[in-house]
Amino acid sequence: MGGTAISADVFIGTSGKAFAGSIAFSDPLASRLTVTIAGVPKGVEWAVRGKAVEAQWSNPRPGIYPLVVSTRNDLGQTTQAQVALTVR
């Protein structure tokens with residue numbers, strides 16, 4: 001068994017106030033990793049920072065947004081995790 005370990009910040013923000021969070025990846029056996037994130041609300045921007053992606057949302061809207069994070073490494077292994085982005 002193998003694959004990528006996915007870990008995420010607690011994604012809780014306040015409506016109308018800038019939000020930032022990150023999702024980190026660890027896969028010691030792989031040399032390349034493809035990441036997709038589904039369910040991202042409009043306005044969220046992502047940036048790759050080493051072995052993580054950082055989210056920034058300058059004007060978040062209230063709601064609970066279920067994100068699905070999927071990875072595939074160069075060995076063909078896939079991993080999926082669900083992360084909730086909550087804006088109050």
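A cavity here is a set of grid points where a 1.4 Å probe fits but cannot get out. In this predicted model, the largest such cavity holds about 40 Å³ of space. The protein chain around it is built from 8 strands and 0 helices. Here's a quick tour, from the overall layout down to a few single residues.

**Overall layout**

- Reading from the N terminus, the elements go β-β-β-β-β-β-β-β.
- The C-alpha trace spans about 40 × 20 × 20 Å along its principal axes.
- The chain has 88 residues, and 31% of them count as buried.
- Take the contacts between residues at least 6 apart in sequence: 59% of these join residues at least 24 apart.

**The enclosed space**

- Rolling a probe the size of a water molecule over the atoms is a way to see where empty space is left.
- Counting cavities of 30 Å³ or more gives just 1.
- Its volume, as noted above, is about 40 Å³.
- Lining the largest cavity are Phe-11, Phe-19, Val-40, Pro-41, Val-44, Trp-46, Ala-55, Trp-57, Leu-67 and Leu-85.
- Sorted by class, that lining comes out as 10 nonpolar residues, with no polar and no charged ones.

**The open pocket**

- The largest pocket contains about 210 Å³ of space.
- It is lined by 13 residues, and those closest to the pocket centre are Phe-25, Arg-32, Leu-33, Gly-50 and Lys-51.
- Three elements, β3 (19-26), β4 (33-38) and β6 (52-57), each give two or more residues to this lining.
- The pocket lining is a mix of 7 nonpolar, 3 polar and 3 charged residues.

**Strand β3 and its partners**

- In a regular strand, side chains alternate between the two faces of the sheet.
- For β3, the covered face carries Phe-19, Gly-21, Ile-23 and Phe-25, while Ala-20, Ser-22, Ala-24 and Ser-26 sit on the uncovered face.
- Two of the covered-face residues turn up in the spaces described above: Phe-19 lines the largest cavity, and Phe-25 is among the residues closest to the centre of the largest pocket.
- β3 pairs with strand β1 (residues 5-8) in the antiparallel sense, over 4 bridges.
- In that pairing, Ala-8 is the residue standing opposite Ile-23 of β3.
- β3 also runs antiparallel to β6, and 6 bridges join the two.
- Along this second pairing, Ala-20 stands opposite Gln-56 in β6, and Gly-21 stands opposite Ala-55 in β6.
- Ala-55 also belongs to the lining of the largest cavity.

**The β5–β6 hairpin**

- Strand β5 (residues 45-49) pairs with β6 in the antiparallel sense, with 5 bridges between them.
- Val-48 stands opposite Val-53 in β6.
- The hairpin leaves 2 residues between its strands, and there Gly-50 takes a positive phi near 65 degrees.
- Gly-50 is worth finding in the viewer for another reason too: this residue is one of those closest to the centre of the largest pocket.

**Three residues up close**

- *Ser-26* lies in strand β3.
- Its relative accessibility is 41%, and because partly exposed covers the range between under 20% and over 50%, Ser-26 counts as partly exposed.
- Ser-26 is in contact with Gly-3, Thr-4 and Ala-5, leaving aside neighbours within four places in sequence.
- The C-alpha atoms of Ser-26 and Ala-5 are separated by 5.1 Å, although the two residues are 21 apart along the chain.
- *Ala-38* belongs to strand β4.
- At 42% relative accessibility, Ala-38 counts as partly exposed as well.
- Ala-38 touches Pro-66, Leu-67 and Val-68, not counting residues up to four places away in sequence.
- Between the C-alpha atoms of Ala-38 and Leu-67 there are 5.6 Å, with 29 residues separating the pair along the chain.
- Leu-67 is another residue from the lining of the largest cavity.
- *Ser-70* is found in strand β7 (residues 63-73).
- The side chains of Ser-70 and Gln-80 are joined by a polar contact of 3.2 Å.
- Setting aside neighbours within four places in sequence, Ser-70 is in contact with Thr-34, Val-35, Thr-36, Thr-79 and Gln-80.

How values were computed
Residues are numbered from 1 along each chain as its sequence is written. This is a predicted model: local features need pLDDT of at least 70, side-chain atom pairs count only at pLDDT 80 or more; totals for chains, interfaces and linings use all residues. Side-chain values use heavy atoms; hydrogens and water are left out. On a 1 Å grid over the protein atoms alone, a cavity is a set of points where a 1.4 Å probe fits but cannot get out, and a pocket is an open set with protein on both sides within 12 Å along at least five of seven lines; lining residues have an atom within 4 Å of a point. Grid points are joined across faces, edges and corners, and a volume is the space filled by probe spheres set on the points. Ala, Val, Leu, Ile, Met, Phe, Trp, Tyr, Cys and Pro count as nonpolar, Asp, Glu, Lys and Arg as charged, and the others, Gly among them, as polar. Buried means under 20% relative accessible area, exposed over 50%, partly exposed in between (1.4 Å probe, protein chains only). Two strands pair if DSSP finds at least two bridges between them. A polar contact is a pair of N or O atoms within 3.5 Å; within protein, one must be able to donate a hydrogen and the other to accept it, and residues adjacent in sequence count only if both atoms are side-chain atoms. Contact means heavy atoms within 4.5 Å.
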